[in-house]
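The exercises below ask you to work from side-chain geometry and accessibility towards a picture of how charged and polar groups are placed. Each task is followed by a solution that goes step by step.

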Amino acid sequence: MRGSDYLRLGALAALWGASFLFMRIAAPAFGAINTAFFRVALGFIGLLFMLTQLKRPLNFNGKFGPSLILGIINSGVPFLMYCLAAKWLPAGYSAILNATTPLMGALLGITFFHEAISAKKRVGMTLGFCGIIAITAVGELPSPRAAAAGVACCLIATACYALAGFLTRKLIAGRGGLDAALVALGSQMGASLFLLPFFIGNIAVRPAIDWLQPAAWASVIALGTLCTALAYILYFRLIADIGPLRSLTVTFLIPPFALLWGYLALGETVSVGYLAGACAVCIGVWMVVSPDKTSR
């Protein structure tokens, strides 16, 4: 890897780590549904603007529909789940649970896609899920019920991310492929269309929201433009330059940044139980994503 690749990897981790802080600020102010919708809608607008400025042809080669479907699974549902979790969990907790995506991928692969898995990866999965239990059961969280709800939302999100990986291979890569930036654009459009009815219904039935909250608006705009549109460009560029496996190491870098931003902006702290569970999750994820040794 070149020095520029490391810089982009660090920048991506910093952006996605900050997304948990921004959701922590915006979701209690505007509501989870509204925050999630604003994020994907601004992400779509930002990506469309970037591609237009770069004069990239918007030719989906017959894969526009699959891109919309992927957007629901890879952005719409997960972003909503993380916005719900932000009402109960500190930013660092959501970030470390986000790192369980490879564990969910291994679990879904075994259960539904007949993927072979080694003994080492099975141990890693077990260790990772033990870490999740430790994070949920031990620590200074609002209440056991709130903690369980927040963790459940995060795990639903990571399960969606893992499922989207398998569907991308089947619906996009398996049918001749598609430019990654166009996949990102189509997915954000699909997520926006998916969340639009929920957004309209929520505005209609929810009590009046104080929309004059500058900090919440700044967080929403940062979520859409920086943590979604710009981050997707960085991420897909990294995949093209260093490959998907190395790009996946960003999941290890996100939690430290999320903890740092949460501490600096909101004064959030972590408990010993959280640190122990986080270490178990990180070791488990490493065991799952690292290649198995092959005998010569």
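**Salt bridges and a buried serine**

The structure holds three salt bridges, and the model in which they are found is a predicted one.

**Exercise 1.** Determine where arginine 8 and aspartate 5 lie relative to each other in helix α1, and decide whether each is buried or exposed.

*Solution.* Begin with the distance: the side chains of arginine 8 and aspartate 5 form a salt bridge, with 2.5 Å from N to O. Next, consider the sequence positions: both residues belong to helix α1, which covers residues 3-30, and because they are three residues apart, about one helical turn separates them. Finally, apply the cut-off for burial, which is under 20% relative accessible area. Arginine 8, at 17%, is therefore buried, and aspartate 5, at 3%, is buried as well.

**Exercise 2.** Establish which parts of the chain are tied together by the pair arginine 24 and glutamate 268, and classify the accessibility of both residues.

*Solution.* The side chains of arginine 24 and glutamate 268 meet in a salt bridge at 3.2 Å, taken from N to O. Arginine 24 is in helix α1, whereas glutamate 268 is in the loop between α11 (250-266) and α12 (272-289), so the pair links parts that are 244 residues apart in sequence. As for accessibility, arginine 24 has a relative accessible area of 23% and is partly exposed, while glutamate 268, at 16%, counts as buried.

**Exercise 3.** Carry out the analysis for aspartate 179 and arginine 56, whose side chains meet in a salt bridge.

*Solution.* The N to O distance in this salt bridge is 2.7 Å. Aspartate 179 sits in the loop between α7 (144-171) and α8 (180-205), and arginine 56 in the loop between α2 (32-53) and α3 (64-85), so the pair ties together parts that are 123 residues apart in sequence. Aspartate 179 is partly exposed, with a relative accessible area of 35%, and arginine 56, at 33%, is likewise partly exposed.

**Exercise 4.** Describe the surroundings of serine 192, which lies in helix α8.

*Solution.* Start with accessibility: at 11% relative accessibility, serine 192 is buried. Then turn to the polar partners: the side chain of serine 192 reaches the backbone oxygen of valine 40 at 3.3 Å, and a polar atom of that side chain lies 2.8 Å from the backbone oxygen of glutamine 188. Lastly, leaving aside residues up to four places away in sequence, serine 192 touches Phe37, Val40, Ala41 and Phe44.

Notes. Residues numbered from 1 in each chain as written. Predicted model: local features only at pLDDT ≥ 70, side-chain atom pairs only at ≥ 80, totals over all residues. Heavy atoms only, no water. Salt bridge = Lys/Arg side-chain N within 4 Å of Asp/Glu carboxyl O. Helix = DSSP H or I, 4+ residues; strand = E, 2+ residues; numbered from the N terminus. Buried < 20%, exposed > 50% of the residue type's maximum accessible area, 1.4 Å probe, protein only. Polar contact = N/O pair within 3.5 Å; in protein donor to acceptor, adjacent residues only side chain to side chain. Contact = heavy atoms within 4.5 Å.
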